[in-house]
Each structure stands twice: as structure tokens, then as C-alpha cells.
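Visitor: I've got a few minutes and a fold I'd like to understand. Could you walk me through it?

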Amino acid sequence: MQYSILITGCSTGIGLEAAKMLQDRQFLVVASCRKQEDVAALKAQGIKHVVQLDLADSDSIAKGLEETLAITHGHLFALFNNGAYGQPGAVEDLPVDVLRAQFESNFFGTHELTTKVLSIMLAQGYGRIINNSSVLGLVAAPFRGAYNASKFALEGLTDTLRLELFDTPIKVSLIEPGPIESHFRANALTALKDNIDMVNSRHQKGYEEAIARLSQEGVTSSQTLPASAVVKKLIHALESKRPRARYYVTTPTYAAVFMKRVLPTCLLDWVMRRQGA
């Protein structure tokens, strides 16, 4: 049996690399992306099956899944929930609609797609659900409240789902990357400029630092890993008989896990404040 997988957020970065690497491993990959123009771009890069799927749009989720099942003949071995973006901004400067938009893509859309796929997996008697979280689903950092909140929520929902599926053949895993080579910073910079009133904020110095950080091109840290590092963990979650509940990627993620376990909150706060904007 050829294993089939639906991957969200494939226009760049981790999703694109996952689609390429899994296709090379003979998976039946259905890559999805939010924008229609990216469908042709992905096919031009050699991805055979691509569908449009916007996690902020219920109709798009239903249509994208329907097209996926037509490709996979009604079955689906795995779902990799990767689609997400980061909305920077101090918590006090986040308009409610901006926070809601962050959750629509990063949390509610993922939940809606997962529940639809889960009914298929339960009926067929097998399946794997892998959710891509973040080191910021483990620890909080300044000026990242919206993204932190969405990933903390995803972690809680995923843990609960794993507990509830313990007596089924469905396996559930979380991947928790730290800094990874992608377009994440560029997209976050656009979201910051479009959605946050920086001029009238008391955090102007912090925003200047955020803009400087997000404007940097290329790899900005020796601890940044290529997207393939995440996909290697994904492959284990897909192919192992006993996939792990959590997969940590990058040194900062392992460090965050260790610090959260051993440091008192006041010291952990001190460390994370030094991360700045």
C-alpha cells in the first residue's frame, strides 16, 4: 500500500520540503497551499498533487479535503498540520480581530481539518496525525503573544486528542521546532507592519528591535537548521511503529524544555525577556 499524506502550508519552508522529501520516499503526497497562484508554482517545482486549502476558510477546507480524497481514492494515511504564520506584537497592542485571525489559521482551521480527517481515519482503521507546533508552544517570548497563544492552544488540543485516541489505531504526534530556515520572518514582518499600531505604542523601542530582527535575510543564528531537520522527525512519526508523542528540533527547543523543567518561573522569565522583540 502506498501511504498517502495531506500536508498544509506547502508554499515555502517546512511544508514544501516535507512534500519534496516524502514524495521522494514514494509517499502519495497531496500538498496544499492557501493561495491559488501557489498551486501552479508548487507543481512547477515537481510536486505532483497540489490543492488549494485556506485554513481560515471552512469552504476551502472542505473543498481541499474533497479534492485530496479524490486523489487518494478516499483513504488517507496521514495528515501533517503545518500551515501557520506568526503575528508579532505586544499583547496590549493586539486588536481582537488580529488575534482572532491568528487563531483562525493556526488553531481553528487546523482543528476543523483534523476532525474531518479523523472521521475518515477511524472508519478505515488506521492513520497518523502530526501537528507542527513550535518552541513557542513550550515557552513564551515577548512580542510573540498571538503566536504563543495559538501554539500553546495547539499543544493542549493535541495532547488531549492523543489521550482520547489511546484505544484506537490512530497515532498523534507533535513536532516542536525552534529556528528553521524559512520565509517565516518575512511573513511576520508584513503582519507586524499591517496589523499593529506601532506609532502610538509604548513599545516603540521593542518594535524597532523586532523590525531589525525580522528584516534580516538568510540564516541569522548558528542554531538555525534547514527545513529538512523537521522533515526527518516527521518521517520517524510516519514510519515508526511507535511514534513519539513529541519531537524536538533544534538546540533552542531542547534548551527550552530543560529550562522549563528546572528553572523557577522568575528565572525562566528573566531568560525569555532577554530574547527581546
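Guide: Sure, with one term first: two strands count as paired if DSSP finds at least two bridges between them. Keep in mind that this is a predicted model.

Visitor: Then which strand does E4 pair with over four bridges?

Guide: E4 covers residues 78-81, and one of its pairings is parallel, over four bridges. In that pairing Phe80 stands opposite Ile130. The partner, residues 127-132, is strand E5.

Visitor: And how many bridges link E4 to E1?

Guide: Strand E1 takes in residues 4-7 and runs parallel to E4. Leu6 stands opposite Leu79 there. The bridges between E1 and E4 number three.

Visitor: What handedness does the β-α-β unit of E4, H4 and E5 have?

Guide: E4 and E5 pair in the parallel sense, and helix H4, residues 96-124, joins them in the unit. With the strands pointing away from you, a clockwise path from the first strand over the helix to the second counts as right-handed. The unit of E4, H4 and E5 is right-handed.

Visitor: Are the residues on the two faces of E4 buried or exposed?

Guide: Ala78 and Phe80 sit on one side, Leu79 and Asn81 on the other. Buried here means under 20% relative accessible area. Both faces are covered, and all four of those residues are buried.

Visitor: Which helix supplies the largest share of the largest nonpolar core?

Guide: That core has 33 residues, and Ile5, Ile7, Leu22, Phe80, Ile175, Leu234 and Leu238 touch the most other members. Elements supplying at least two residues each include E1, H1, E2 and E4. The largest share is seven residues, and it comes from H8.

Visitor: Leaving aside neighbours within four places in sequence, which residues is Leu22 in contact with?

Guide: Leu22 is one of the core residues that touch the most other members. Leaving aside those sequence neighbours, its contacts are Ile5, Ile7, Phe27, Val29, Leu234, Ile235 and Leu238.

Visitor: How many residues are in the other core?

Guide: This core lies apart from the largest one. Among its members are Leu53, Leu55, Leu113 and Ile120. Its size is 20 residues.

Visitor: Stepping back, what is the radius of gyration of the protein chain?

Guide: The chain has 10 helices and seven strands. For 277 residues the globule rule gives 19 Å, and the chain's value is close to that, so it is as compact as a globular protein of that length. The radius of gyration is 18 Å.

Visitor: Last one: what share of the residues is buried?

Guide: The count is taken over the 277 residues of the protein chain. Buried residues make up 51%.

Notes:
Residues numbered from 1 in each chain as written. Predicted model: local features only at pLDDT ≥ 70, side-chain atom pairs only at ≥ 80, totals over all residues. Heavy atoms only, no water. Buried < 20%, exposed > 50% of the residue type's maximum accessible area, 1.4 Å probe, protein only. Core = buried A, V, L, I, M, F, W, Y, C linked by side-chain atoms within 4.5 Å. Contact = heavy atoms within 4.5 Å. Rg over C-alpha atoms; globule rule 2.2 N^0.38 Å.
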